[in-house]
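Here is a short tour of one structure, written for someone who likes to check geometry against coordinates. Please keep the viewer open as you read.

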Amino acid sequence: MRQILMRGIRWYQRKISVATPAHCRYWPTCSTYTLEAIDRFGAFKGSLMGTARILRCQPLVKGGFDPVPDHFSLRRNPVSEEEK
């Protein structure tokens, strides 16, 4: 299941994402974040983390650097003092 999801995301990155303007408010992008989360936490938890990230990616959020955390969490990483 993990490989199927990862192939689907890579297909999206190559075929659809390159044809649309960049609009992700976070770095790394939501698709890259989801790929890393699936690789690190498995298909179910990684998909949940990716879905939560996509739901957070909206105009009212500041955005910024938000890497995949070391431990499973559906929340955004805390903002450090350097980023404020």
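What follows walks through the helices of this predicted model, then turns to a few single residues and the backbone.

**Helix H2 and its own geometry**

A good place to start is helix H2, which covers residues 30-41. At 1.5 Å a residue, its 12 residues should span 16 Å, and the end C-alpha atoms are indeed 16 Å apart, so expectation and model agree. The buried residues of H2 are Cys30, Ser31, Tyr33, Thr34, Leu35, Ala37 and Ile38. Their cover includes H1 and H3, so both of those pairings deserve a look.**H2 between two partners**

Helix H1 spans residues 2-15, and its axis comes within 10 Å of that of H2, crossing at roughly 165 degrees. An angle over 145 degrees counts as roughly antiparallel, and H1 and H2 are therefore roughly antiparallel to each other. Their crossing is left-handed. On the H1 side, the contact is made by Arg2, Leu5, Met6, Ile9, Arg10, Tyr12 and Gln13, while H2 brings Ser31, Thr32, Thr34, Leu35, Ile38 and Asp39. Sorted by class, the residues of this contact are six nonpolar, four polar and three charged.

How far apart are the axes of H2 and H3, and at what angle do they pack? The axes are 7 Å apart and the angle is about 155 degrees. H2 and H3 are therefore roughly antiparallel to each other as well. H2 passes H3 in a right-handed crossing. In this pairing, Cys30, Tyr33, Thr34, Ala37, Ile38 and Phe41 of H2 meet Ala43, Lys45, Gly46, Ser47, Met49, Gly50, Arg53, Ile54 and Arg56 of H3. That contact has eight nonpolar, four polar and three charged residues.

**Helix H3**

H3 has 14 residues and reaches 20 Å from its first C-alpha to its last, close to the 20 Å expected at 1.5 Å a residue. Its buried residues are Ala43, Gly46, Met49, Gly50, Ala52, Arg53 and Arg56. These buried residues pack against H1, E1 and H2.

**Four residues up close**

The table gives the relative accessible area of four residues and the class that follows from it.

| Residue | Relative accessible area | Class |
|---|---|---|
| Thr34 | 9% | buried |
| Gly63 | 6% | buried |
| Tyr12 | 32% | partly exposed |
| Cys24 | 29% | partly exposed |

Thr34 lies in H2. Which residues does Thr34 contact once its neighbours within four places in sequence are left aside? They are Ile9, Gly46 and Gly50. Thr34 is listed in the contact of H2 with H1, and it is listed in the contact of H2 with H3 too. Why does Thr34 count as buried? The cut-off for buried is under 20% relative accessible area, and Thr34 is at 9%, so it counts as buried.

Gly63 sits in the loop between helix H3 (43-56) and strand E2 (64-65). Although Gly63 and Arg25 are 38 residues apart along the chain, their C-alpha atoms are separated by 4.7 Å. Not counting residues up to four places away in sequence, Gly63 touches Arg25, Tyr26 and Arg76.

Tyr12 belongs to helix H1 and is one of the H1 residues that make the contact with H2. Beyond residues up to four places away in sequence, Tyr12 touches Ser17 and Ser31. Tyr12 and Gly50 are 38 residues apart along the chain, with their C-alpha atoms separated by 14 Å.

Cys24 is placed in the loop between H1 and E1. With residues up to four places away in sequence not counted, Cys24 touches Thr29, Cys30 and Cys57. The C-alpha atoms of Cys24 and Ile54, which are 30 residues apart along the chain, are separated by 8.8 Å.

**Two backbone details around H2**

Most residues other than glycine have a negative phi, and most peptide bonds are trans. With that in mind, two spots invite a check. Trp27 and Pro28 are joined by a cis peptide bond, with omega about 0 degrees. Pro28 is found in the loop between strand E1 (26-27) and H2. After H2 comes Gly42, whose phi is positive, near 100 degrees.

Technical notes
Residues numbered from 1 in each chain as written. Predicted model: local features only at pLDDT ≥ 70, side-chain atom pairs only at ≥ 80, totals over all residues. Heavy atoms only, no water. Helix = DSSP H or I, 4+ residues; strand = E, 2+ residues; numbered from the N terminus. Buried < 20%, exposed > 50% of the residue type's maximum accessible area, 1.4 Å probe, protein only. Contact = heavy atoms within 4.5 Å. Axes fitted to C-alpha atoms, helices over the stretch in contact; angles between N-to-C directions. Parallel < 35°, antiparallel > 145°, perpendicular 65-115°, else oblique. Left-handed = near helix turned anticlockwise from the far one by under 90°. Nonpolar A, V, L, I, M, F, W, Y, C, P; charged D, E, K, R; others polar. Expected span 1.5 Å × (residues − 1).
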